[in-house]
Amino acid sequence: MEEKNDVRAREAGGQHVHDYFGRTSVDRGHFHTFTGSTNVQTVVAGGHAHEYANVTRVAENHVHRMSGISSVQMPVMLGHVHRLQGTTTVDDNHSHTYDVYTGLPRAPRNVRRGRFFGPFSAKAEGAEAPKEPRPRRRLRAKKAEADEKP
Ligand SMILES: [Fe+2]
Ligand SMILES: [Fe+2]
């Protein structure tokens with residue numbers, strides 16, 4: 001059976017990432033918010049997971065770093081999500097815990113996509129591309145014109 005669902009097809013073949021956001025636990029009377037995007041998936045037992053790393057936003061004049069690997073995928077409507085759980089780095093003599101779910105999968109940026117075979121594509125009609133390279137005229141033509149004028 002053909003994969004009609006785009007998300008499912010992406011999960012099976014191409015690479016994807018997840019965006020996430022949230023806020024840490026309250027420790028020492030403050031918390032930090034954070035946003036980030038995971039890395040593309042890596043194969044693990046039971047499916048795939050994503051590495052992630054980000055810096056929290058500033059609170060009380062300091063930040064913390066968060067990094068780790070997500071849980072395996074959890075199927076939801078329209079795709080799947082991952083759970084990010086862990087503890088931030090220790091900064092200013094304390095750390096925070098966090099526990100969030102990512103968003104749905106999305107295609108990473110700068111993906112090399114398949115070539116478009118539209119109605120105007122030469123390859124789609126089976127015709128061969130012109131062998132001779134396009135003539136290169138740059139400054140010569142302008143120079144000739146300039147010489148002719150006076
Ligand atoms: Fe994923
Ligand atoms: Fe903090």
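Is Pro108 buried, partly exposed or exposed? I will start there and then work outward. This is a predicted model, so please keep that in mind throughout.

Pro108 counts as partly exposed, because 15 other C-beta atoms lie within 10 Å, and the partly exposed class sits between the cut-offs of 12 or fewer for exposed and 20 or more for buried. Pro108 is in the loop between β10 and α2, the helix at residues 139–148. Leaving out neighbours within four places in sequence, Pro108 is in contact with Gln15, His16, Val17 and Val40. His18 is 90 residues away from Pro108 along the chain, yet their C-alpha atoms are separated by 8.7 Å.

Now the whole chain. There are 2 helices and 10 strands. Along the sequence the pattern is α-β-β-β-β-β-β-β-β-β-β-α, with a helix at each end of the list. Of the 150 residues, 19% are buried. If you take contacts between residues at least 6 apart in sequence, 48% of them join residues at least 24 apart.

A word on confidence. The mean pLDDT is 82, and 70% of the residues reach 70 or more. Residues 1–12 have pLDDT below 50, and beyond near neighbours in sequence this stretch has 11 contacts in the model. Where pLDDT is low, the predicted coordinates should not be read in detail.

Next, the sheets. One of them is an open sheet of 3 strands, ordered β2-β1-β10, with antiparallel pairing. Its edge strands are β2, residues 33–37, and β10, residues 105–106, and each of these pairs on one side only. Strand β1 covers residues 17–23 and is joined to β2 by 5 bridges, in the antiparallel sense. Two of the positions to look at here are Asp19, which stands opposite Ser37 in β2, and Tyr20, which stands opposite Gly36 in β2. On the β10 side, β1 is joined by 2 bridges, again antiparallel. There, Val17 stands opposite Arg106 in β10. Val17 has come up already, as one of the contacts of Pro108.

Another open sheet has 3 strands in the order β3-β4-β5, and the pairing is antiparallel. Why do β3 and β5 each have one side left without a neighbour in the sheet? They stand at the edges, β3 at residues 41–44 and β5 at residues 65–69, so each has a single partner strand. From one strand to the next, the twist averages 30 degrees. Strand β4, residues 47–55, pairs with β5 over 5 antiparallel bridges. Within that pairing, Asn54 has Met66 in β5 as its bridge partner.

Met66 also takes us to the core. The largest nonpolar core has 6 residues, namely Tyr20, Phe34, Tyr52, Met66, Leu84 and Tyr98. In soluble globular proteins, nonpolar side chains tend to be buried together. Tyr20 is the residue that stands opposite Gly36 in β2. Which residues does Leu84 contact, leaving aside neighbours within four places in sequence? They are Tyr20, Tyr52, Ser70, Tyr98, Val100 and Thr102.

That leaves a few loops. Phe31 is in the loop between β1 and β2. Phe31 is partly exposed, because it has 18 other C-beta atoms within 10 Å and the cut-off for buried is 20 or more. Not counting residues up to four places away in sequence, Phe31 touches Arg23, Thr24, Ser25, Val26, Ala59 and His96. Phe31 and Arg57 are 26 residues apart in sequence, and their C-alpha atoms are 9.4 Å apart in space.

Leu78 lies in the loop between β6, residues 74–76, and β7, residues 79–81. Its phi is near 70 degrees, which is a positive value in a residue other than glycine. Leu78 is exposed, because it has 12 other C-beta atoms within 10 Å, and 12 or fewer is the cut-off for that class.

Asn93 is another residue other than glycine with a positive phi, in this case near 65 degrees. Asn93 sits in the loop between β8, residues 83–87, and β9, residues 97–101. Asn93 counts as exposed, because there are 7 C-beta neighbours inside 10 Å.

To return to the opening residue: Pro108 is partly exposed, and it sits in the loop that follows β10 and leads to α2.

Key. Residues numbered from 1 in each chain as written. Chains lettered and ligands numbered in written order. Predicted model: local features only at pLDDT ≥ 70, side-chain atom pairs only at ≥ 80, totals over all residues. Helix = DSSP H or I, 4+ residues; strand = E, 2+ residues; numbered from the N terminus. Contact = placed C-beta atoms within 7 Å. pLDDT = per-residue confidence, 0-100. Core = buried A, V, L, I, M, F, W, Y, C linked by C-beta atoms within 7 Å. Pairing = 2+ DSSP bridges. Axes fitted to C-alpha atoms, helices over the stretch in contact; angles between N-to-C directions.
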